[in-house]
Amino acid sequence: MTTDTMITEVVLPGVVEPHGLQLHRRAMPVPTRGQALVEVEATGISYAEQQMRRDRYPGQPKFPFVPGYDLVGRVRAVGPDGDESIVGTRVAAVTKTGGWATHALVDIDVLTPVPADLDPAAAETVVVNGVTAWQMLQGANLRAGQTILVHGANGGVGTVLVQLGRHLGLRVIGTATARHHAALRELGVEPLDYRDPGMAARVRELSPGGVDAVFDPVAGPGVRTSYGLLAPGGKLVVYGNAGALGSAQSVVWVFVKLLTRLYTWNALPNGHRAGFYNFWAGQLTRRAAFRRRLRTDLGIVLDLLRQGVIVPQIAARYPLSEVTAALVFAETRSRPGKVVLEP
């Protein structure tokens, strides 16, 4: 076979260190009805893949599989009776897996057009991260002038979340290690060191009446502190379970304990609300509506990126062939933003 009829993809064979990732070559896949073949221009490394390689991500496929939560690329072919007019256009999609490849088969009804003048890597930073941040802020029902606390403000979701928050007129306090504080100040964030034992006291100094919302991707022991920092009527939004990564307990059990705690707090007569944001809520029971909302929200975020409201935070760019180095770098969290693979 010629190069034009082969693709390269990254395979996660099992629970391995980053050097255990494998580059495979196989025949170019052919789209079936309702599918498009997308030539991948950019895909990202998120916390989900870091959990998947440890078999710690809820609902991940059985090994072996191709990781890659989202992608940006050009449509190269469509399946039978597909809309040929989209061939050659740039699109974005949330895939959950399969993005770490030179080409990927994607359902046509999840494809969102990407403005032609956007850098694919820049667009990649706001696909799953931007939708997550936008939907959480919309769900929190906040008003201009209110104050939010964003944990992990230097991360892929965090850097988009704080920018969207500032765009909506919110005051943003963000936690990160001290080396990221200068970059966060440039985004309009009031940074705090999450490792500071007095961090909670500093939040109370900055916002004596409490904060109107806390966005917490860790869901570890500190979630109780997050809840205690809420103002009357405040909302705690947990959107990850990074705290389970180093736990010896079952990830499902850790998640069940978290949900039990959140639901118990909601029964308290203090006006606070606590919940877990699930990106995939409605995917199984309301698939068509879920996908319409996903395309709509991603379109909004991409337009905000095009307008310059969101400044893309690219921690680093790597070719697909250097995926091991890319994953190692991403897991150091030494630069704010998202690590992007460019097949």
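Select V131 in this predicted model. V131 sits in helix 3. Its relative accessible area is 0%, so V131 is buried. Beyond its neighbours within four places in sequence, V131 is in contact with V126, Y277, F279, L294, D297, L298 and V301. Now add V157, 26 residues away along the chain. The C-alpha atoms of V131 and V157 are 9.0 Å apart.

Step along to T132, also placed in helix 3. T132 has a relative accessible area of 7% and is therefore buried. With neighbours within four places in sequence left out, its contacts are V157, Y239, Y277 and F279.

**Helix 3 against helix 9**

Show helix 3 (residues 128-140) and helix 9 (287-307). How do the axes of helix 3 and helix 9 cross? The angle is roughly 100°, and the axes come within 9 Å. Helix 3 and helix 9 are therefore roughly perpendicular to each other; angles of 65 to 115 degrees fall in that class. For the interface, select G130, V131, W134 and Q135 on the helix 3 side. On the helix 9 side, pick R293, L294, D297, L298, I300, V301 and L304.

**The core**

Next, select F279. F279 touches V94, V128, V131, T132, F290 and L294, not counting residues up to four places away in sequence. Which residues have the most contacts inside the largest nonpolar core? They are W100, I148, F215 and F279, in a core of 69 residues. Another core, of 19 residues, lies apart from it. Among its members are V203, V211, A219 and L258. In soluble globular proteins, nonpolar side chains tend to be buried together.

**The parallel sheet**

Switch to cartoon and find the open sheet of six strands. Its order is 10-9-8-11-12-13, and the pairing is parallel. Which strands are at the edges? Strand 10 (190-193) and strand 13 (273-276) each pair on one side only. Neighbouring strands of this sheet are turned by 15° against each other on average, direction ignored.

Zoom in on strand 9 (residues 171-176) and strand 10. Four bridges join them, and the two run parallel. Select G174 to see one position: its bridge partner in strand 10 is P191.

Bring the helices back. Helix 3 lies across strand 8 (147-150), strand 11 (211-216) and strand 12 (230-238). Helix 3 runs at about 150° to strand 11. Helix 4 (residues 156-167) also packs on the sheet. Helix 4 touches strand 8, strand 9 and strand 11. The direction of helix 4 makes about 165° with that of strand 9.

Follow the chain out of strand 9 to A178. This residue is in the loop between strand 9 and helix 5 (181-186). A178 has 49% relative accessibility, so it counts as partly exposed. For a distance across the model, add V40. The C-alpha atoms of A178 and V40 are separated by 35 Å, with their positions 138 residues apart along the chain.

**Antiparallel strands**

Select strand 3 (residues 35-45) and strand 4 (residues 70-78). Seven bridges join these two antiparallel strands. Strand 4 also pairs with strand 5 (residues 90-94), in the antiparallel sense, over five bridges. L71 is a good residue to centre on. T43 stands opposite L71 in strand 4. In strand 5, the bridge partner of L71 is A93.

**Backbone oddities**

Most residues other than glycine have a negative phi, and most peptide bonds are trans. Three places to check follow.

- F63 to P64: this peptide bond is cis, with omega near -5°. P64 lies in the loop between helix 1 (47-52) and strand 4.
- D55: phi is positive, about 60°, although D55 is not a glycine. D55 is placed in the loop between helix 1 and strand 4. Its relative accessible area is 42%, so D55 is partly exposed.
- K96: phi is positive, about 70°, and K96 is not a glycine either. Look for K96 in the loop between strand 5 and strand 6 (103-107). K96 is partly exposed, with a relative accessible area of 24%.

**Last stop: Q313**

Select Q313, in the loop between helix 9 and strand 14 (314-319). Is Q313 buried or exposed? Q313 has 16% relative accessibility, so it counts as buried; the cut-off is under 20%. What does the side chain of Q313 reach? It reaches the backbone oxygen of V311, at 2.9 Å. Finally, show the contacts of Q313, leaving aside neighbours within four places in sequence: T125, T159, Q163, L187, P336, G337 and K338.

Terms used:
Residues numbered from 1 in each chain as written. Predicted model: local features only at pLDDT ≥ 70, side-chain atom pairs only at ≥ 80, totals over all residues. Heavy atoms only, no water. Buried < 20%, exposed > 50% of the residue type's maximum accessible area, 1.4 Å probe, protein only. Polar contact = N/O pair within 3.5 Å; in protein donor to acceptor, adjacent residues only side chain to side chain. Contact = heavy atoms within 4.5 Å. Pairing = 2+ DSSP bridges. Axes fitted to C-alpha atoms, helices over the stretch in contact; angles between N-to-C directions. Core = buried A, V, L, I, M, F, W, Y, C linked by side-chain atoms within 4.5 Å. Parallel < 35°, antiparallel > 145°, perpendicular 65-115°, else oblique.
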